[in-house]
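Here are a few short exercises to work through at your own pace. Have a look at the structure first, then try each task before reading its solution.

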Amino acid sequence: MSRAEPQLRLVDLGTGSPDAVALAALIDELEQRRWVEMTAAWHLESRVLGAFDEDGTAVGLLRYVIQPIGPENDCQQSIIDGEALTEAKILAFGTRPDRRRQGIGLALQRRAIADAAAAGCWQVRSHSAGGYRANHRLKFRLGFAFHPEVRGGDDRGGYFILPLRNQFRRVSE
């Protein structure tokens, strides 16, 4: 017997709704609370996606923020041709261990990418530590590029970046 595809829904964790309660339990199980609750002055918007089985069990989560490109790195906001550039930055991501490799993470990532594109973001960016090779393979499968970064002695992790918009014309030389 095959399982039905999980339903993906935006969840407001502050509501106490059944989705919020189920997702909060998964957040704790996956030790993602720090990344789900992290805020910064430059965050313009925060969104939490949950993946739910028919019975309401939370089986996956993804939290991203929409933010200007630049301020997080102590740079001025990036502006090109008068347009302030924004990105969707994935801060928390995971699936229940017994539900991995079933397409849930892929579906969550695709939904976040589509939502970011609809919000006018120029890119999606996500950091992943070196030990999360399955996440790395997933990001590469989706077309992300990779920029290595050493954090706390981990020299196998880095940022994954997926451009969403390219409105610049190639300039003839």
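A nonpolar core is a set of buried Ala, Val, Leu, Ile, Met, Phe, Trp, Tyr and Cys residues joined through side-chain atoms within 4.5 Å. Keep in mind that this model is predicted.

**Exercise 1.** Find which residues have the most contacts inside the largest nonpolar core, and which elements contribute to this core.

*Solution.* Start with the core itself: it has 21 residues, and L62, Y64, V124 and F144 have the most contacts inside it. Next, look for elements that give two or more residues: these are β2 (45-52), β3 (58-68), β6 (86-95), α3 and β9 (158-163). Helix α3 supplies the largest share, six residues. A separate second core, of 13 residues, includes A20, A22, V48 and A92. Finally, zoom in on L62: leaving aside neighbours within four places in sequence, its contacts include V48, I90, L108 and A112.

**Exercise 2.** Check the length of helix α3 against its expected span.

*Solution.* Helix α3 covers residues 104-118, which is 15 residues. At 1.5 Å a residue, the helix should span 21 Å, and its end C-alpha atoms are 21 Å apart, so the two agree. Among the buried residues of α3 are I104, L108, A112 and D115. After the helix comes G120, with a positive phi near 85°.

**Exercise 3.** Is F140 buried, partly exposed or exposed?

*Solution.* First place F140: it lies in helix α4 (residues 133-141). Its relative accessible area is 43%, and buried means under 20% while exposed means over 50%, so F140 is partly exposed. Beyond residues up to four places away in sequence, F140 touches F146 and F160.

Key
Residues are numbered from 1 along each chain as its sequence is written. This is a predicted model: local features need pLDDT of at least 70, side-chain atom pairs count only at pLDDT 80 or more; totals for chains, interfaces and linings use all residues. Side-chain values use heavy atoms; hydrogens and water are left out. Helices (H or I, at least four residues) and strands (E, at least two) are DSSP runs, numbered from the N terminus. Buried means under 20% relative accessible area, exposed over 50%, partly exposed in between (1.4 Å probe, protein chains only). Contact means heavy atoms within 4.5 Å. The expected span of a helix is 1.5 Å times one less than its number of residues.
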